[in-house]
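Here are a few short exercises to work through with the model open beside you. Try each task before reading its solution.

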Amino acid sequence: MSQTTPPVTDSAPAPTHPVPTDSAVRVETHGIDYIPDAERHGRARDLFAVWAAPNVNFLAVVIGATLMLLGLTLWQALLVIVIGNLFSIITGIVAASGPAAGTPSEVITRAMYGITGNRFNVAIAGWLISVCYLAINWAAATTVAVGLLGRLGVPSNGWTIAISAIVIAAATMVISVYGHGLIMRLYQPLAILLAVIFAVMAVFVVSGARWSYAPAEPLHGLGLVAMMAAGVALVASGPLSYTNSADFARYLPARTRVRDVALWTTLGMVIPGVLATFVGALAASAVDMSDPEAGLEKFLPGWFAPIFLISVIIGTIANNAMTAYSSGLALQAVGIRLPRSRTVLLDGTVGVLMTLFALLVWNFLDSVSSALQLAVTILAPVMGVYLADMLWRRNRYDGSALADDSRGSRFWFTGGVHIAGAVAVLAGIGAALLCSATLVYVGPVAALLGGIDLSVPVGLIVPFVVYLALVRRSARSQASL
C-alpha cells in the first residue's frame, strides 16, 4: 500500500519553470487530485509565513482573555498557553505527509479509514469542524468591524452585523478560491505586516498590564488543576484543528525532509500563537475583557486603535482563507463532484449563517469556549490515528493510488472501511468524551477527577495505541497465511 520515497535532502531547489496550476494570479486548478512531481516546488521554510500570518489573530487574544476569566493567574495562564501551543508539533509532523503523498490530508486519511470510512471522517473532522472555525473567527472579526464602524458613527444593529460578516467572508473567499498559489505568496508580506502591528499593540498592553494580578478568589488544589487542564484543552484546540496541515505542504518536492516541514510549520504556529494569546491574558489582568475589542481599546492610543482593529480583521481573513480552502477540499473528498472553487463558496455560505447565529443568538465567549473544548474530543483522536499511520508506514504514501476512490482501490479495505482506523478513532473519541469537562458537558471520568479535563492527552494516546496494535495484528495475520 505504499511506495518508497526518494532520498531526502535539506531543501529542494526552486524550479526554473513556471507552475501555472499554482499561480497567485489564477484560480488553482488542482483539488484533491495528485500533484505530479513536475509541478512540485518551494522550500519547507516557506511554510513559516503561511502559518504565522493566520496565527497572529484576534481569536488567540480572546482565548488568552478567556483563560483569565477561568480564574487563573497571569503566570498560570502563560504556562497553559505554552503547553497548549506545543501541540503544534503534532500539526507540523502531520504536514510532512503532504510532500510524501502529493495529495491533501483529506485524501491521505483514506489510508487510515478506507475510501468510504474516510468520507465520514472528513465530513466531521475535516468539514463540519472547519466550518465551525470559520464561524468562530468571522464572529470575532465581525465584532471588531462593528466596533470600528461605531467610531465612524455607524450604529450597531442586526443589519450592521450581518453586512460586516458578509463583507469579511467575501474577502476571505477571494483568497480561498484563488487557492494555494495566492496563499503562499500573499502570506509572506502579510505575516510581516501583522507581526509589526501586533508587536506595537503588545507594547501598549504590556505597559498597562498588572503583572502581579491575582483573581479575587484564587484557585487551589483540584480546582486549579481542573481549570488549567480545561485551559490546555482550549488552547490546544487551535493547533489540533489543523488535521489538514498537509494541504499546504503537498506542493513541496517529495524529497523535502520531514523534520524541515515539521520544524517550519511548528515555529510558524507556536511563536505567534504564544505571543498573541499571552497578550490577551495580559490585557485581562488589567481591564474587563468580557468584551475583548472594547477591553483592548483601553490600552491603545486613539491614532493606533483603528490600525490595530483593521489588522485584526485582516488576520482573521488570512486565518479563515486557509480554513475555507481546506474545507472546500473536504467536500470534494466526501464525494461532492464540484470544482474546488465552488465547494469553497458553498462552505462560505454555511459559515456566514453560523457566524450570524453565534453573534445574534448565542453568547460569543461561551460559544468560543464550549465549541473549541468539545471539538478537541474529535480532533485529538483524529490526530492520534494520523500520527500512528505515519509511524506505521514510515511516512511513505502512494499519492496516485490514494487518489483512486473506486472499489478496486488498494485503500478500499473491507467494504470501503479500514477497520483498524474506524475502531481506533471511535475508541479515542469515546475516551476523550469520558474525560472532557466543559461548560456544557462533563464526562464521568472528568467528574470523578473533580472536573479535570484530560480529553487532549487521552484522545491522542488511546487511538494511537489502538491503531498500531490493530494494524500490527492484521499484518501478522496476513503474513501467517
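The exercises below deal with cavities, one arginine and one alanine.

This is a predicted model, so local features need pLDDT of at least 70 and side-chain atom pairs count only at pLDDT 80 or more, while totals for chains, interfaces and linings use all residues. Residues are numbered from 1 along each chain as its sequence is written, and side-chain values use heavy atoms, with hydrogens and water left out.

**Exercise 1. Find the largest cavity and describe its lining.**

Step 1: get the rule straight. A cavity is a set of points on a 1 Å grid over the protein atoms alone where a 1.4 Å probe fits but cannot get out, and lining residues have an atom within 4 Å of a point. A volume is the space filled by probe spheres set on the points.

Step 2: count. Two cavities of 30 Å³ or more turn up, and the largest has a volume of about 330 Å³.

Step 3: look at the lining. It has 25 residues, and those closest to the cavity centre are Asn 55, Gly 238, Pro 239, Tyr 242 and Asn 319. Helix 2 (58-69), helix 8 (115-151), helix 11 (221-240), helix 12 (258-284) and helix 14 (305-334) each give two or more residues. Helices here are DSSP runs (H or I, at least four residues), numbered from the N terminus.

Step 4: sort by class. The lining splits into 11 nonpolar, 14 polar and no charged residues. Asp, Glu, Lys and Arg count as charged, and Gly goes with the polar ones.

**Exercise 2. Do the same for the second largest cavity.**

Step 1: its space comes to about 80 Å³.

Step 2: the lining includes Ser 105, Glu 106, Asn 121 and Val 382. Helix 8 provides the largest share, four residues, and helix 6 (105-108) also supplies at least two.

Step 3: by class, that's three nonpolar, six polar and one charged.

**Exercise 3. Which side chain of opposite charge is nearest to Arg 40?**

Step 1: place Arg 40 in the segment before helix 1 (47-55).

Step 2: check the charge partner. The nearest one is Asp 37, 4.1 Å away, and Arg 40 has no salt bridge although it is buried. A salt bridge needs a Lys or Arg side-chain nitrogen within 4 Å of an Asp or Glu carboxyl oxygen, and buried means under 20% relative accessible area (1.4 Å probe, protein chains only).

Step 3: look elsewhere. The Arg 40 side chain reaches the backbone oxygen of Pro 99 at 3.0 Å.

**Exercise 4. Is Ala 141 buried or exposed?**

Step 1: find Ala 141 in helix 8.

Step 2: Ala 141 counts as buried because its relative accessibility is 0%.

Note on methods. Buried < 20%, exposed > 50% of the residue type's maximum accessible area, 1.4 Å probe, protein only. Lys, Arg positive; Asp, Glu negative; His and termini not counted. Polar contact = N/O pair within 3.5 Å; in protein donor to acceptor, adjacent residues only side chain to side chain. 1 Å grid on protein atoms, 1.4 Å probe; cavity = no way out; pocket = protein on both sides within 12 Å on 5 of 7 lines; lining within 4 Å.
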